[in-house]
Amino acid sequence: MLSKTHEYALRAVACLAGQPHKPESADHLAEKTKVPRRYLTRVLQDLTAGGILKSRSGPKGGYELITDPSELSILDIVSAIAPMERINSCPLGLKSHTSLCPLHAELDRVYAEAEAAFARVTIGQLLESTTTIVPLCES
């Protein structure tokens, strides 16, 4: 349901959220998240364009979260990369299907449930977990 790009974006945001107000370079984030640097740079640009991150160039520059992790949901990050596509009309273009057939109605219901689940979980909640494992990145 989520692409590799979504996964990479979630890793990067989780790592940045663990170090608030400390800009991180793409090189450092790539190393920590185990994401290829060239790919991660594109993901970071998408997150910046989506209003999740801000970037600053220069020796003390890097990428930093704009939003407080407690207000940033998984859905916010997913939507900044590529919003989940809902099924609003027959994907086959069948004119006789004036509403969704049972198959596509059920698929759309599952997409709606996934969207709602992603909206309920914030990055802050992930970071506040009682486990000693740091979410989505090397500790």
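**Exercise 1. A salt bridge between Glu 64 and Arg 56**

Task: Find the N to O distance in the salt bridge where the side chains of Glu 64 and Arg 56 meet, and state how covered each residue is.

Solution. The side chains of Glu 64 and Arg 56 form a salt bridge at 3.5 Å, N to O. The term means a side-chain nitrogen of Lys or Arg within 4 Å of a carboxyl oxygen of Asp or Glu. Next, the accessibility. Buried means under 20% relative accessible area, exposed over 50%, and partly exposed in between, with a 1.4 Å probe and protein chains only. Glu 64 has 9% and is buried. Arg 56 has 46% and is partly exposed.

A note on the model: it is predicted, local features need pLDDT of at least 70, side-chain atom pairs count only at pLDDT 80 or more, and totals for chains, interfaces and linings use all residues. Residues are numbered from 1 along each chain as its sequence is written, and side-chain values use heavy atoms, with hydrogens and water left out.

**Exercise 2. A salt bridge within H1**

Task: Describe the salt bridge of Glu 7 with Arg 11, and place the pair in helix H1.

Solution. Start with the distance. The closest N and O atoms of Glu 7 and Arg 11 are 3.0 Å apart. Now the positions. Both residues lie in helix H1 (residues 4-17), 4 residues apart, so about one helical turn separates them. Helices are DSSP runs (H or I, at least four residues), numbered from the N terminus. An α-helix has 3.6 residues a turn, so residues three or four places apart point the same way. Last, the exposure. Glu 7 is partly exposed at 31%. Arg 11 is buried at 18%.

**Exercise 3. A salt bridge network**

Task: Work out which parts of the chain Asp 108 and Arg 86 link, and which residues share their network.

Solution. Asp 108 and Arg 86 meet in a salt bridge of 2.8 Å, N to O. The pair links distant parts of the chain, 22 residues apart: Asp 108 is in helix H5 (residues 102-120), and Arg 86 is in the loop between helix H4 (74-81) and H5. Asp 108 is buried, with 12% relative accessible area. Arg 86 is partly exposed, with 34%. Glu 115 joins Arg 86 and Asp 108 in a network of salt bridges. The structure holds 8 salt bridges.

**Exercise 4. The cover of H4**

Task: Decide whether H4 is mostly covered or mostly open, and say what covers its buried residues.

Solution. Count first. Of the 8 residues of H4, 6 are buried, and the helix is mostly covered. The buried residues are Ile 74, Leu 75, Ile 77, Val 78, Ala 80 and Ile 81. Their cover includes H1, helix H3 (37-49), H5 and helix H6 (123-127).

**Exercise 5. Two cysteines**

Task: Count the disulfides, and explain the state of Cys 90 and Cys 101.

Solution. A disulfide is a pair of cysteine sulfur atoms within 2.5 Å. The count is 0. Cys 90 is in no disulfide, and the nearest cysteine sulfur, in Cys 101, is 6.3 Å away. That is too far for a bond. Cys 90 is buried at 13%. Cys 101 is buried at 19%.

**Exercise 6. H1 against H2**

Task: Classify the packing of H1 and helix H2 (residues 26-33).

Solution. The axes are 10 Å apart, at an angle of about 105 degrees. H1 and H2 are therefore roughly perpendicular, a class that spans 65 to 115 degrees, while under 35 is roughly parallel, over 145 roughly antiparallel and the rest oblique. Axes are lines fitted to C-alpha atoms, for helices over the stretch in contact, and angles run from 0 to 180 degrees between N-to-C directions. Arg 11, Ala 12, Cys 15 and Leu 16 of H1 touch Leu 29, Lys 32 and Thr 33 of H2, where contact means heavy atoms within 4.5 Å.

Conventions:
Helix = DSSP H or I, 4+ residues; strand = E, 2+ residues; numbered from the N terminus.
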